Amino acid sequence: MTRHENFSMGRKAESIYTASKKNCLICKKKKALSRTQNSVSSFEESIRRNAVSKACYVYINGISMPVLSA
């Protein structure tokens, strides 16, 4: 066998139904990831936009909290 003829047959062939189910699950995962990333970036953007000049933001236990200075 030449290099191009070396095929690995480790899995069964997928039917159209299982392929569409698999693609649907992958699509749902990508959409959920995209929604999460967008919500995080929009939260960070709102913090930057609405930041008070005399406030500093402190990161405590996973929460960004504003601390006003005098």
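This is a short tour of a predicted model, one selection at a time.

**Whole chain**

Start with the whole protein chain selected and shown as a cartoon. The chain has one helix and two strands. Followed from the N terminus, these elements come in the order α-β-β. Now switch on the surface. The accessible surface comes to about 6,900 Å², and carbon and sulfur atoms account for 60% of that area. How much of the chain is buried? Of the 70 residues in the protein chain, buried residues make up 1%.

**The two strands**

Next, select residues 55-60, which are strand 1, and then residues 63-68, which are strand 2. The two strands pair in the antiparallel sense, and six bridges join them. Two of the positions in this pairing can be picked out by hand. Select Cys56 in one colour and Val67 in another: Cys56 stands opposite Val67, a residue of strand 2. Then do the same with Tyr57, whose bridge partner in strand 2 is Pro66.

Keep strand 2 selected and turn the surface back on. How many of its six residues are buried? The count is zero, and strand 2 is hardly covered.

**The turn**

Move to the link between the strands. Strand 1 and strand 2 form a hairpin with two residues between them. Select Asn61, which lies in the loop between strand 1 and strand 2. What is notable about its backbone? The phi angle of Asn61 is near 50°, a positive value in a residue other than glycine. Is Asn61 buried or exposed? Asn61 counts as exposed because its relative accessible area is 78%, and the cut-off for exposed is over 50%.

**A nonpolar patch**

Select Ile60, Ile63 and Met65 together and show them as a surface. These residues make a nonpolar surface patch of about 270 Å². Now keep Ile60 alone. Ile60 belongs to strand 1, and with a relative accessible area of 41% this residue is partly exposed.

**Two cysteines**

Last, select Cys24 and Cys27 and show their side chains. How many disulfides does the structure hold? The number is zero. A disulfide is a covalent bond between the sulfur atoms of two cysteines. Why is Cys24 not in one? The closest cysteine sulfur to that of Cys24 is in Cys27, at 6.7 Å, which is too far for a bond. For a disulfide, the two sulfur atoms would have to be within 2.5 Å. Seen from the other side, Cys27 is in no disulfide either, and its nearest cysteine sulfur is that of Cys24.

Check the surface at these two positions before closing the viewer. Cys24 counts as partly exposed, at 36% relative accessibility. Cys27 is also partly exposed, at 35% relative accessibility.

Conventions:
Residues are numbered from 1 along each chain as its sequence is written. This is a predicted model: local features need pLDDT of at least 70, side-chain atom pairs count only at pLDDT 80 or more; totals for chains, interfaces and linings use all residues. Side-chain values use heavy atoms; hydrogens and water are left out. Buried means under 20% relative accessible area, exposed over 50%, partly exposed in between (1.4 Å probe, protein chains only). Two strands pair if DSSP finds at least two bridges between them. Helices (H or I, at least four residues) and strands (E, at least two) are DSSP runs, numbered from the N terminus. Accessible areas come from the Shrake-Rupley method with a 1.4 Å probe; for residues, only the protein chains shown count as cover. Patches are made of residues with over 30% relative accessible area and no salt bridge: like charges are joined within 9 Å, nonpolar side chains (Val, Leu, Ile, Met, Phe, Trp, Tyr) within 5 Å. A salt bridge is a side-chain nitrogen of Lys or Arg within 4 Å of a carboxyl oxygen of Asp or Glu.
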